Amino acid sequence: MQYTSTQNNTATVSSAQAIAQGISAEGGLFVPESFPKYDGITFETLLKLDYKSRAKKVLSDYLTDFTEAEISDCVEKAYTADKFGSDNPAPIASFTHEDHELNLLELWHGPTCAFKDMALQILPHLLTCSLKKTADGKKAVILVATSGDTGKAALEGFKDVPNTEIIVFYPSDGVSPMQKHQMNTTKGGNVDVCAIIGNFDDAQTGVKKIFTSKEVIDALEKCNMMFSSANSINWGRLLPQIVYYISAYCDMVNEGKIKIGEKINIVVPTGNFGNILAAYFAYQMGMPVNKLICASNSNNVLTDFISTGKYNKNRKFITTVSPSMDILVSSNLERLIYLLSGRDSEKTAEYMNALKTQGEYTVEDCVKASVSEMFYGGYCTEEETLETISALYNDSNYLCDTHTAVAVNVYEKYLKETGDRTPAVIVSTASPYKFSRAVLSAIEGREITEEDEFKIVDSLNALTNTEIPAPLEETRTLEDRFSAVIESDTMPQYVLKALGL
């Protein structure tokens, strides 16, 4: 299995090279040359396996330059019961809401209580293995831009991993207090956290510029270092996300909700398009899917793109109660456009250049038609988000976070609009306790004025009698280690200083 760049399909790299580099030299993203094909017999076999065994199967079909022992070692180290609470790190919670069943794929039982753990617990192992194969003993410098959850999950995954340094940038006013506290209290001798003045898109743009900065790259080269990424632009981050969709389909069959071969709908709250793209890749492999439902918050750039074929980031950036989706530049959409354009890297580069220079691009009609055929886009307002949290708790005794609420709300709208009763899997991306202020406000129907985040956590716990996740509880008494706040245009200098270069 070889990988090509979305912006240069003439060059190919191995999976180890794709993971080690993170991003192609010209700024494109790596995509597999083809997709493994799973038929009914394959799924019959997968039904009988546990999550780890399913992960080993999927990863081995993409990472063909890894040995069976290497893949097994990565998987066994990542998905342990002590990290995820059970042998199934991605359980489905099913219950009746109003007149239909909801199946929520809970991806937040890991060490940082967010879905990013599903990929970022295994990525350090994949990267370490990849570096041994490709990088001649170089130290990897992991740069991360985060809208909240990726940062802590990456820090937790890479802390004290040999031959790595990790630097995380986040928007100073664009994450929840709990997300900020989680990041700034991270232990480990190889970690660094810095806030920027601006939004997530500013942080993401800054990281991309550093990746292609000759001055910074040369400085690293002199010290036997190289950049890599833990964002979903890295193939090693996106690949593990395919696994939980394949596994969820198998669980739906095993639980009698569908028969093997029957289609499902998948509903994903997404900002950067990585999580829903992984579902699309699972569909490309042969997982029976009817519709991929893309749920956005008030930053509804993806909703507009799906309905019009025009991607336009020239709009007001809105800070919401679902901050991990407060994104106007959805990086992983580039991979989808490349595939739907017939793997035309010149055309894809043209679109991406237009986005950089003009802030918008419009895809060709054939691409728009393909997007509309497979995807449904909807969005949810702030008020609707809080109303959905309240309704789910009061009517069905299920407590969800703000991002999951966006997905449920958009799914309810889809049902009313289409009448499509295809069984659906709704992705639940974070613990409600990561966004306790908004969740408590939704349930009590009032603004929460308490400033102490853990007093709010305790109030939510007392009101709902739900368990405070241990990883969040453990940060209660920890002091912040990091407090730097910088302008986004000084990020390259910060990186060099943090690395002592």
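**Aspartate 452 and a parallel sheet**

Reader: Where is aspartate 452 found?
Author: In this predicted model, aspartate 452 sits in the loop that runs between helix α20 (436–444) and helix α21 (453–464).

Reader: And is that aspartate buried, exposed or something in between?
Author: Aspartate 452 counts as partly exposed because its relative accessible area is 34%, and that class lies between the limits of under 20% for buried and over 50% for exposed.

Reader: How far is its C-alpha atom from that of arginine 437?
Author: The two C-alpha atoms, of aspartate 452 and arginine 437, are separated by 10.0 Å, while the residues stand 15 apart along the chain.

Reader: Switching to the sheet of 5 strands, what is the strand order?
Author: The sheet is open, its pairing is parallel, and the order reads β9-β6-β7-β8-β16. At the edges are β9 (225–229) and β16 (485–487), each of which pairs on one side only.

Reader: What is the average turn between neighbouring strands there?
Author: On average, neighbouring strands of this sheet are turned by 30° against each other, if direction is ignored.

Reader: How many bridges join β6 and β7?
Author: Strand β6 (residues 139–145) pairs with strand β7 (residues 164–171) over 6 bridges, in the parallel sense; for valine 141, the bridge partner in β7 is glutamate 165.

Reader: Which strands does helix α8 lie across, and which does helix α9 touch?
Author: Helix α8 (residues 149–158) lies across β6, β7 and β8 (191–197), and runs at about 165° to β7. Helix α9 (residues 177–184) packs on the sheet and touches β7 and β8, with its direction at about 155° to that of β7.

Key:
Residues numbered from 1 in each chain as written. Predicted model: local features only at pLDDT ≥ 70, side-chain atom pairs only at ≥ 80, totals over all residues. Heavy atoms only, no water. Pairing = 2+ DSSP bridges. Helix = DSSP H or I, 4+ residues; strand = E, 2+ residues; numbered from the N terminus. Axes fitted to C-alpha atoms, helices over the stretch in contact; angles between N-to-C directions. Contact = heavy atoms within 4.5 Å. Buried < 20%, exposed > 50% of the residue type's maximum accessible area, 1.4 Å probe, protein only.
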